[in-house]
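Trainee: I should like to take a close look at a single part of this model and then see how it relates to its surroundings. Please describe that part strand by strand, and then turn to other sites of interest.

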Amino acid sequence: MELPGGLLVDNQIRRDFSFKPMTGFIERAIAESGLEASGLPQQVTSILTTSLNKVAGLAVNRELVLSLSSGDRLFLMLQLEASIKPEIKWMTASCQHCKELIQFQYKPGSMPVKLAGENFPRGPLSLSFADVSIRVPNGSDEEYIAQMGTQASSTMEHLLARLLNEPDFSADIHSLTNQDKELIDNTLDLMAAQPGESVSISCPFCSHQQQIFIDNYAWINTETDNIDEEVHTLASQYHWSENDILSLSRNRRKCYLQLIEKSQNTSQTENKFQSSGSL
Ligand SMILES: [Zn+2]
């Protein structure tokens, strides 16, 4: 599998990436990623820095994850979700027309993905007052904007100043006409890689066709919050150290947990049998 955008290395786009094998250590780091982060973009940076092995042949660190385009970062988060929990999920949403509750299925990592366009990650742009270049937003931009915490209109101006200015252009963002802004929007849409964030559903009650937005980050908490309990169960049963348990692959850990559950069920059944036999 390849990134929909990629990294520019020696003037060539490279799209290869790999995750580390999923162990309890990584899952715990994901579960605790929200404690230190000041916002979702910072949390995503921390999760991807912990979980990725290589991108574009390069060892992964925080700077590399920050330099990935926003589309690639979202794509990687969706792939990570799929590697942790590949099973189809049932989801519910309220119909946008008749308000009835709709149930639908969603398979993690299965969303259609728009690949990056020509000139990714930076391309030329002819504005009304100058010829400039513009690049797609990346992790640094996401973190910068999240930390600003200001109103939406000025946030957009700050973001545009970052995307347009580097490295050779210092535009007065206020001189952008509406036509310029529309051109910027369209250029970025064409250039950026973008995983789908909504599914198209027809309501079974009123047949209204609608796009339902999927929360692509909900899994960060829901799929990793049992890790301490699981470590406790395995440690109590097998007397292994915490380090040994967290080093296990996710699949292996789940396998041992199933064996414990199975043997507990068997002994419960035996106890029932014995107590009913003694009556
Ligand atoms: Zn409906």
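Mentor: Two strands are taken to pair if DSSP finds at least two bridges between them. With that criterion, strand β3 (residues 52-55) pairs with β4, as two bridges join them in the antiparallel sense. The model is a predicted one, and the description below should be read accordingly.

The part to examine is the sheet to which this pair belongs. Four strands form an open sheet in the order β1-β2-β3-β4, and their pairing is antiparallel. β1 and β4 (58-59) occupy the edges with a single partner strand each, so one side of each lacks a neighbour in the sheet. In general terms, strands of a sheet pair through backbone hydrogen bonds, either parallel or antiparallel.

We may follow the sheet from β1. Strand β1 spans residues 2-9 and is mostly covered, with six of its eight residues buried. Its antiparallel partner is strand β2 (residues 12-19), to which four bridges join it. At one place in this pairing, V9 stands opposite Q12 of β2. The two strands make a hairpin with two residues between them, and D10 in the turn has a positive phi of about 50 degrees.

The next pairing is that of β2 with β3, antiparallel over three bridges. Here F17 stands opposite V55 in β3. V55 also appears in the pairing of β3 with β4, where V55 stands opposite L58. In that pairing, K54 has A59 of β4 as its bridge partner. β3 and β4 form a hairpin, again described by two residues between the strands, and A56 takes a positive phi near 55 degrees.

Two helices lie across this sheet. Helix α3 (residues 40-51) lies across β2 and β3, and runs at about 85 degrees to β3. Helix α5 (residues 70-84) lies across β1, β2 and β3, running at about 135 degrees to β1.

A residue of the sheet can be followed through its contacts. F19 belongs to strand β2. F19 has a relative accessibility of 22% and therefore counts as partly exposed, the cut-off for a buried residue being under 20%. Apart from residues up to four places away in sequence, F19 touches S51, L52, N53, L76, Q79 and L80. Of F19 and E182, one may add that they are 163 residues apart in sequence and that their C-alpha atoms are 37 Å apart in space.

Beyond the sheet, S69 lies in the loop between α4 (62-67) and α5. S69 counts as buried because its relative accessibility is 6%. Its contacts, neighbours within four places in sequence left aside, are F120, V136, P137 and N138.

Q147 presents another environment. Q147 is placed in helix α6 (residues 139-148), and counts as exposed because its relative accessibility is 51%. Once neighbours within four places in sequence are set aside, Q147 is in contact with S38 and Q42. Q147 and R73 lie 74 residues apart along the chain, with 18 Å between their C-alpha atoms.

The metal site completes the account. The zinc ion is coordinated by the SG atoms of C95, C98, C203 and C206, at 2.3 to 2.4 Å. The angles subtended by the four donor atoms are 107 to 112 degrees, which makes the arrangement tetrahedral. Along the sequence, the donor residues follow the spacing C-x2-C-x104-C-x2-C. C98 and C206 link distant parts of the chain, 108 residues apart: C98 sits in the loop between β5 (89-94) and β6 (101-106), and C206 in the loop between β11 (198-202) and β12 (209-213).

The accessibilities at this site can be given for three donors. C95 counts as buried because its relative accessibility is 1%. C98, at 29%, counts as partly exposed, and C206 is likewise partly exposed with a relative accessible area of 27%. C255 is partly exposed too, at 37% relative accessibility. A disulfide is taken here as a pair of cysteine sulfur atoms within 2.5 Å, and by this rule the count is zero.

Notes
Residues numbered from 1 in each chain as written. Predicted model: local features only at pLDDT ≥ 70, side-chain atom pairs only at ≥ 80, totals over all residues. Heavy atoms only, no water. Donors = N, O, S within 2.8 Å, 3.2 Å for Na, K, Ca; no water. Tetrahedral: all angles 85-135°; square planar, octahedral: opposite > 155°, others 65-115°. Buried < 20%, exposed > 50% of the residue type's maximum accessible area, 1.4 Å probe, protein only. Contact = heavy atoms within 4.5 Å. Axes fitted to C-alpha atoms, helices over the stretch in contact; angles between N-to-C directions.
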